[in-house]
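Visitor: Please take one part of this model and go through it closely. Then place it in the chain around it.

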Amino acid sequence: MSGITTYGERRLVLISGRAHPELAERVAAELEVDLVPTTAYDFASGEIYVRFAESVRGADAFVLQSHTAPVNQWVMEHLLMVDALKRASVKQITAVMPFYPYARQDKKHKGREPISARLMADLFRTAGANRLMSVDLHAAQTQGFFDGPVDHLFAMPTLVDYVRTRVDLSNVVVVSPDAGRIRVAEQWAAKLGGCPLAFVHKTRDITRPNQAVANRVVGDVAGRDAVLVDDLIDTGGTIAEAVRVLKENGARNVTIVATHGVLSDPAARRLAECGAQEVVVTDTLPIPHEKRFENLTVLSIAPLLARAIREVFDEGSVTSLFDGNA
């Protein structure tokens, strides 16, 4: 038999960018590992420098970055960390992006537009990522943009377990903020015991970003506890309008649930004033103190990320985390 065979132990390393170090620390605690010491800073010109302070040669590297505002800076830092890992001779690189950047630009509405979500996948592949991991993609088909494995994780079990304790399950209705999210609402309804469904009919002008008008509710919400579910909340205009329409149609109270709290201004004010009983999001993105309000609840996604990272490292089944149904 030719060649040389070694029998060394495999090594998992977890690396964090600067966008959301608190989440990375929580994931590291769940995995019972230390984050790889990393130097990262900005030059006066705005260029970014990164370097790892210890050897990662031969390791399975998971590099975590949350793509919050300013998104372009954190995407670039993430790419540079992936490139540095590739040049440091790691065995495999998984880019962990709890919130996929440019996810809403996944198709062309008009001629001469980019498909930005596809470009993100190409950039990470070119930089050296072998695998991507993300939570609740805006469109599941985004997985097909990356030429390699994509672990699409779902926050629904975490969110459902919490919401189940906060509403009257005998009198609940699940509401989609638009017709396009009906499939997700159906899954929520099944998890909450087969409760009724409704959706808010809205119109959107694709030439004016972050603006939509909620027109009417399709379905019966009168006298019920409404659970309004979406994948993300950006400026909060759509979801606040949906709460208004639900209240006008007799909903007893409204609980807003979303995975990603982007919360661009003036989202915090809109959500605090919209009349919702509670707004529930996860910590896929950092939510600074100035964007928090009294009825906001933030659930940690770290246990899910840690379990998925461990399954990938152990060559197990990520799908098993969702009972094989996701």
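Guide: Helices here are DSSP runs of H or I with at least four residues, strands are runs of E with at least two, and both are numbered from the N terminus. The model is predicted, so local features need a pLDDT of at least 70, side-chain atom pairs count only at pLDDT 80 or more, and totals for chains, interfaces and linings use all residues. Numbering starts from 1 along each chain as its sequence is written, and side-chain values use heavy atoms, without hydrogens or water.

The part to look at is helix 2, residues 71-87. Start with its length. The expected span of a helix is 1.5 Å times one less than its number of residues. For the 17 residues of helix 2 that gives 24 Å, and the end C-alpha atoms are 25 Å apart, which agrees.

Next, its buried side. Buried means under 20% relative accessible area, exposed means over 50%, and partly exposed lies in between (1.4 Å probe, protein chains only). In helix 2 the buried residues are Trp74, Val75, Glu77, His78, Leu79, Met81, Val82 and Leu85. An α-helix has 3.6 residues a turn, so residues three or four places apart point the same way.

What covers them? Contact means heavy atoms within 4.5 Å. The cover over the buried residues of helix 2 includes five strands and a helix: strand 1 (12-16), strand 2 (38-42), strand 3 (48-52), strand 4 (60-64), strand 5 (92-97) and helix 3 (116-127).

Now the two ends. Pro70 sits in the loop between strand 4 and helix 2. The peptide bond joining Ala69 and Pro70 is cis, with omega at about -5°. Just after helix 2, Ser89 has a positive phi of about 65°. Most residues other than glycine have a negative phi, and most peptide bonds are trans.

Such backbone features turn up elsewhere too. Asp265 and Pro266 are joined by a cis bond, with omega near 5°. Pro266 belongs to the loop between strand 12 (253-261) and helix 7 (267-273). Glu32 has a positive phi near 60°. Its loop runs between helix 1 (21-31) and strand 2. Glu32 is exposed, at 74% relative accessibility. Arg112 is not a glycine, yet its phi is positive, about 70°. Arg112 is in the loop between strand 5 and helix 3. At 84% relative accessibility, Arg112 is exposed.

Step back to the whole chain. The protein has eight helices and 14 strands. Its radius of gyration is 21 Å, close to the 20 Å of the globule rule for 326 residues, so the protein is as compact as a globular protein of that length. That radius is taken over C-alpha atoms, and the rule is 2.2 Å times the number of residues to the power 0.38. Along the principal axes, the C-alpha atoms fill a box of roughly 75 × 45 × 40 Å. Buried residues make up 49% of the 326. Take the contacts between residues at least 6 apart in sequence: 63% join residues at least 24 apart. The exposed area is about 15,600 Å², with 48% from carbon and sulfur atoms. Accessible areas come from the Shrake-Rupley method with a 1.4 Å probe, and for residues only the protein chains shown count as cover.
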